[in-house]
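Here are my notes for your review, set out as numbered points. Please read them with the coordinates open.

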Amino acid sequence: MIKIQNLHKTFGSLEVLKGIDLEIEKGEVVAVIGSSGTGKSTLLRCMNYLEVPDEGSVTIGDITVTAGKASKKEIHELRKHSAMIFQNYNLFSNKDVLGNVTEPLITAKKMKREEAERTAVRYLEKVGMGDKINQYPATLSGGQQQRVAIARSMATEPKVLLFDEPTSALDPEWVQEVLEVIRKLARAHFTMLIVTHEMQFAKEVADRVVFMDGGKIVEQGPAKEVLENPRQERTREFLKLSGKEGGEEGSVVIKKSMNFKDMLPMFIEAGLEFKPDDPDPEGLLVCFEMMDKESGRRIGGGSLAKAYGEFLIRSVAVEEAYRGKGLGKKLVEYMIEEAKSWDAKQLLLTAKVPGFYKKLGFEVIPREEAPPISDCTSCPQFHNGCDSEIMLRKL
């Protein structure tokens with residue numbers, strides 16, 4: 001039903017997709033996993049030509065579009081066969097719930113308003129939002145907004161639903177309600193391709209798991225087989241860092257976000273040199289929130305940036321009650337792997353506790369040889385109760 005052949009995509013000098021081949025059968029649920037920056041979201045966006053691939057072909061149903069040869073009509077037909085659910089819902093803030101779902105039915109499918117509204121109500125009821133049709137997005141929780149976005153996509157009756165990390169922007173208490181909607185779609189045999197960081201969810205729902213790394217498919221197979229007994233070493237490394245293993249590390253999960261401001265109080269409490277009104281770090285790429293699985297509460301976090309031509313760890317903190325359990329090490333190892341996925345050759349940071357980072361392969365470098373990533377020398381505590389150093393690790 002879906003066939004992707006030799007798909008390539010480059011942004012500037014960065015080759016993001018390096019010859020992807022993938023087939024998906026009708027009614028199959030495929031989960032795509034892997035670190036950020038490995039091309040997962042780009043793959044989805046190339047499938048419906050939100051991003052134009054440089055090379056390769058995409059087939060959905062009876063429509064095949066070949067890169068470099070596609071007409072506007074062919075691209076339009078391809079897009080009609082799929083629907084994408086984004087991380088941040090992409091709802092119209094000036095339209096109520098009913099209007100958000102009817103809009104594509106009227107504009108794209110040319111339905112009359114009365115028919116579009118009947119269709120919209122039917123699909124909103126399927127996702128448990130039938131009683132919210134007159135509310136506006138601003139009055140809904142994140143989970144409710146995502147359910148509306150799913151209903152909007154379902155209502156166009158596409159051949160495949162493309163989910164781009166549908167829970168990554170949600171607070172923990174809203175994640176399960178969205179995952180339950182997707183579980184129901186899977187039981188109803190909707191064809192779905194889901195980019196996700198929810199490993200347990202992928203194991204429960206997906207027929208097949210595809211692990212991507214460095215713009216390529218490294219491993220794929222039945223969900224349980226890949227997630228419990230991966231064949232490839234790179235897959236095993238990723239799953240270990242994603243919290244698959246037991247013990248103290250298995251009690252937490254690391255969630256990617258851009259919620260730096262939400263984590264500022266935690267960084268300040270940990271003694272990092274931030275102020276409550278500080279802006280996001282220059283060149284912020286991604287934040288990492290370490291969540292306690294049992295309570296759903298954030299207990300640690302960090303941020304990765306690129307500035308001065310270098311990849312930088314800008315902050316790492318774990319709540320005091322959770323220290324001494326190897327969680328800080330787990331978080332930094334995760335960030336190292338993330339930097340590698342961006343093709344980083346080295347990683348720098350400013351360390352208040354150099355000894356901790358030395359155990360993780362970082363070395364102190366002279367400040368005069370480092371980019372201006374730290375203003376610690378202006379602090380009165382510099383080398384007077386604080387042993388802050390600039391450190392580097394080759395990747």
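1. Is H189 buried or exposed? First, a caution: this is a predicted model. H189 is exposed, because its relative accessible area is 59%, and the cut-off for exposed is over 50%. The residue sits in the loop between α6 and β8. Its phi is near 65°, a positive value in a residue other than glycine. Please look at that backbone.

2. K110 calls for a similar look. Its phi is positive, about 60°, and K110 is not a glycine. The loop between α3 (97–107) and α4 (113–126) holds K110. With a relative accessibility of 66%, K110 counts as exposed.

3. Next, strand β8, residues 192–195. Both of its faces are covered. M192 and I194 are buried on one side, L193 and V195 on the other. Strand β3 (residues 29–33) runs parallel to β8, and 4 bridges join the two. Here V29 stands opposite M192. Strand β7 (residues 160–164) also runs parallel to β8, again with 4 bridges. In that pairing, M192 is the bridge partner of L161. M192 thus appears in the pairing with V29 and in the pairing with L161.

4. On to the nonpolar cores. The largest has 49 residues. Within it, I150, F163, M192 and V209 touch the most other members. Helix α6 (residues 172–187) gives the most to this core, with 7 residues. Another core, of 29 residues, lies apart from it; I4, I24, L162 and L193 are among its members. As general background, nonpolar side chains tend to be buried together in soluble globular proteins.

5. V209 deserves its own inspection. Leaving aside neighbours within four places in sequence, V209 is in contact with A31, I33 and A202. Its contacts also include E219, Q220, G221, P222 and A223. V226 and L227 complete the list.

6. Helix α5 passes a simple length check. It covers residues 142–155, which is 14 residues. At 1.5 Å a residue the helix should span 20 Å, and its end C-alpha atoms are 20 Å apart, so the two agree. The helix is mostly covered, with 14 of its 14 residues buried. E157 follows α5 and has a positive phi, near 55°.

7. What is the strand order in the open antiparallel sheet? The order is β2-β1-β4-β5, a sheet of 4 strands. The edges are β2 (14–24) and β5 (63–66). Each has a single partner strand, so one side of each lacks a neighbour in the sheet. The twist averages 20° from one strand to the next.

8. Inside that sheet, strand β1 (residues 2–11) and strand β4 (residues 55–60) run antiparallel, joined by 5 bridges. K3 stands opposite T59 in β4. Two helices should be viewed along with these strands. Helix α1 (residues 40–47) lies across β1, β2 and β4, and runs at about 115° to β1. Helix α2 (residues 72–80) packs on the sheet and touches β4 and β5. The direction of α2 makes about 130° with that of β5.

9. Why is strand β15 described as largely enclosed by the rest of the structure? Because 5 of its 6 residues, in the run 346–351, are buried. Strand β14 (residues 310–318) runs parallel to β15, with 3 bridges between them. L312 stands opposite L348 in β15. The chain crosses from β14 through α11 to β15, and this β-α-β crossover is right-handed. β15 also pairs with strand β17 (residues 389–394), in the antiparallel sense, over 6 bridges. There, L349 has M391 of β17 as its bridge partner.

10. Last, a residue from the crossover helix. S341 belongs to helix α11, residues 327–341. Is S341 buried or exposed? S341 counts as buried, because its relative accessibility is 7% and the cut-off for buried is under 20%. Not counting residues up to four places away in sequence, S341 touches S35, S36, G37 and T38.

Notes
Residues are numbered from 1 along each chain as its sequence is written. This is a predicted model: local features need pLDDT of at least 70, side-chain atom pairs count only at pLDDT 80 or more; totals for chains, interfaces and linings use all residues. Side-chain values use heavy atoms; hydrogens and water are left out. Buried means under 20% relative accessible area, exposed over 50%, partly exposed in between (1.4 Å probe, protein chains only). Two strands pair if DSSP finds at least two bridges between them. Contact means heavy atoms within 4.5 Å. Axes are lines fitted to C-alpha atoms, for helices over the stretch in contact, and angles run from 0 to 180 degrees between N-to-C directions. A crossover is right-handed if, with the strands pointing away from the viewer, the path from the first strand over the helix to the second runs clockwise. A nonpolar core is a set of buried Ala, Val, Leu, Ile, Met, Phe, Trp, Tyr and Cys residues joined through side-chain atoms within 4.5 Å. The expected span of a helix is 1.5 Å times one less than its number of residues.
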